[in-house]
Amino acid sequence: MSAVVQIKNLTKRYGDGKLALKDLSVEFMRGEIIALLGPNGAGKTSLISIICGLTTISDGRVTVDGFDIQLDYREARSLIGLVPQELTLEPFETVMGTVSLSRGLFGQAPNNDYVEGLLSRLSLWEKRDSPIRELSGGMKRRVLIAKALSHAPKILFLDEPTAGVDVDLRRDMWRLVKDLQAEGVTVILTTHYIEEAEEIADRVAVINEGQILLVEDKHVLMNRLGKKELLIELSDSLIEVPQGLASLGVRLQNDGRQLSYSYDMATEKSGIPEVLGALKAEGIGFSDVHTEQSSLEDIFIELVAER
Amino acid sequence: MINFYAIKAIYRFEMSRTYRTPLQSFASPVISTVLYFVVFGSAIGNRMTPIDGISYGAFIVPGLIMLTVMTQSVANASFGIYFPKFLGTIYEHLSAPISSFEMVIGYVGAAATKSAGVGCIILAVSFLFVPLEIEHPLLMIGFLFATALCFSLLGFILGLWAKDFEQLNVVPTLIITPLVFLGGSFYSIDMLPSLWQTVSLFNPAMYVISGFRWAFFGVSDVSIAISLLSLAIFAMIFFAIIWRIFATGYRLRQ
């Protein structure tokens with residue numbers, strides 16, 4: 001896969017002296033879904049704002065499909081669609097009116113068929129003549145997506161797309177993102193909802209205090225950093241962990257009805273056979289065995305704490 | 001390469017705002033002008049001696065049109081660009097492949113169209129109140145649109161600069177309206193004591209109103225050439241300021 005967005009040594013210092021991005025370099029690959037994951041104030045929105053042209057660069061260089069975002073801003077921006085975090089829309093304008101404005105701003109001739117298809121896809125066609133102020137929050141979010149897609153961009157930025165969005169719409173949006181990917185669109189989303197990155201992203205870039213901590217394939221990341229936990233449901237509850245199990249690091253929980261054993265997926269020897277062997281040797285009966293994998297959230301908290 | 005679709009899109013979007021609010025856009029300037037005609041033209045005007053051989057009712061027509069066109073241009077253009085800033089929808093313009101020049105054409109063009117349109121309506125209405133003969137109709141129309149454009153540029157600067165609605169309103173109220181009123185909308189500068197005549201020469205609005213009146217009646221406070229020149233100079237100054245604002249990203253891009 002080739003890089004579609006290249007960011008080199010990007011630094012952003014705001015007028016008030018705040019350093020939002022520190023010498024940040026990262027590449028987004030053509031056709032991928034990448035999640036920029038980080039706490040509030042990590043620099044996610046600053047990064048997106050610079051690529052999309054909302055904010056100026058203090059130092060460094062960004063290219064979009066080979067076009068410098070400052071020197072060739074027309075070519076670069078024509079390829080990009082942006083869905084902002086806030087529901088910023090003209091309340092008195094109609095859905096059709098505002099989507100037509102977006103398409104025109106991005107230099108595209110009016111195309112009723114395309115816009116109709118887009119609005120239908122986002123369940124907005126029925127509302128095309130409604131003033132935006134009459135729409136629900138979820139509908140407004142859809143309008144913002146329609147505006148961002150009005151010129152059929154090759155790269156779509158979603159800034160916190162599902163913040164304050166109900167479950168149905170969230171599912172719809174995730175499906176849409178997958179569909180867009182299938183059509184060849186590169187999707188870059190910021191989120192602090194870990195499950196969002198976990199659910200739809202191919203790669204995850206963890207960003208904190210204006211720096212990229214790591215960029216990794218989602219599964220590799222989970223494997224590399226993930227801890228697994230073996231949980232053993234006991235037939236009869238225990239008062240304390242027998243010596244043979246305690247020496248392996250097994251703990252007793254749930255009022256003595258469950259044993260738990262943590263192991264690292266990165267190491268070759270999980271230690272599971274030893275635990276099961278010890279159970280047999282101690283003559284402990286169990287009704288169920290299952291494992292739990294640490295979520296990106298756990299990984300993330302660990303990563304940020306490490307720095 | 002010019003992004004014509006973007007200019008057209010901005011222009012149409014701004015014009016649609018006008019059609020959504022016909023009362024605010026057209027009715028209110030027309031009604032206030034009619035009130036001026038009734039008060040100054042009919043009630044007071046009957047007791048006024050003609051100025052340069054022109055009845056007072058007719059004399060104030062160009063002044064009234066300019067008063068409205070100047071204030072409406074500033075109001076339309078400043079609101080047009082301030083409102084997206086206020087709502088945050090400006091993000092889209094900043095992320096779009098458009099130059100500052102295209103943005104100015106779209107916004108200023110729409111604002112000027114609206115105010116020039118209102119000016120034409122007022123002119124039509126004034127025919128109902130006073131007999132009028134326009135000596136240089138083409139120049140008059142040209143001057144009307146040029147003034148609308150020039151003051152829309154000024155309004156655009158105001159809208160870019162304003163941080164809140166207070167600032168947006170304070171400049172028209174405290175600066176534009178007094179300048180236009182004191183620029184000879186309702187009187188000839190000759191009627192003032194000599195000190196105030198000199199002061200009036202520093203009022204930019206006076207040159208514009210005088211030129212517009214010349215297009216109507218062939219008489220003016222200053223020569224038409226000076227009026228046209230000053231209008232061109234104002235437009236250039238305003239354009240330079242706007243260019244500077246976009247180049248530095250002042251209050252637009254952080």
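Student: Which residue follows helix 1 of chain A, and what is the sign of its phi?
Tutor: This is a predicted model, in which local features need pLDDT of at least 70 and side-chain atom pairs pLDDT 80 or more, while totals for chains, interfaces and linings use all residues. Residues are numbered from 1 along each chain as written, chains are lettered from A and ligands numbered from 1 in the order written, and side-chain values use heavy atoms, without hydrogens and water. Helices (DSSP runs of H or I, at least four residues) and strands (E, at least two) are numbered from the N terminus. Directly after helix 1 of chain A comes A:Gly53, with a phi near 95°, which is positive.

Student: How many of the nine residues of helix 1 of chain A are buried?
Tutor: A residue is called buried under 20% relative accessible area, exposed over 50% and partly exposed in between (1.4 Å probe, protein chains only). In helix 1, the buried residues are A:Lys44, A:Ser46, A:Leu47, A:Ile48, A:Ser49, A:Ile50, A:Ile51 and A:Cys52. The helix, residues 44-52, is therefore largely enclosed by the rest of the structure, its buried residues numbering eight.

Student: How far apart do the C-alpha centres of domain 1 and domain 2 of chain A lie?
Tutor: Chain A, which contains 11 helices and 14 strands, is divided into domain 1 (3-223) and domain 2 (227-294), with bounds from an automatic or database assignment. Along its principal axes, the C-alpha trace of the chain spans about 75 × 45 × 35 Å. Between the C-alpha centres of the two domains of chain A, the distance is 45 Å.

Student: What is the radius of gyration of chain A?
Tutor: This radius is taken over C-alpha atoms, and the globule rule is 2.2 Å times the number of residues to the power 0.38. For a compact globule of 307 residues the expected value would be near 19 Å, whereas chain A has 24 Å.

Student: What is the radius of gyration of chain B?
Tutor: Chain B has 10 helices and zero strands, and its C-alpha atoms fill a box of roughly 60 × 35 × 35 Å along the principal axes. The globule rule gives 18 Å for its 254 residues, and chain B comes close to this, so it is as compact as a globular protein of that length, with a radius of gyration of 19 Å.

Student: What percentage of the residues of chain B count as buried?
Tutor: In chain B, 80% of the contacts with a separation of 6 or more are between residues 24 or more positions apart, a contact being heavy atoms within 4.5 Å. In chain A, the contacts with a separation of 6 or more include 69% between residues 24 or more positions apart, and 50% of its 307 residues count as buried. For the 254 residues of chain B, the buried share is 52%.

Student: Which residues does B:Gly41 contact, leaving aside its neighbours within four places in sequence?
Tutor: B:Gly41 has its place in helix 2 (residues 22-44) of chain B, and with a relative accessible area of 13% it is buried. From B:Val108 it is separated by 67 residues in sequence and by 32 Å in space, C-alpha to C-alpha. With the neighbours within four places left aside, the residues in contact with B:Gly41 are B:Tyr36, B:Asn46, B:Gly57 and B:Ile60.
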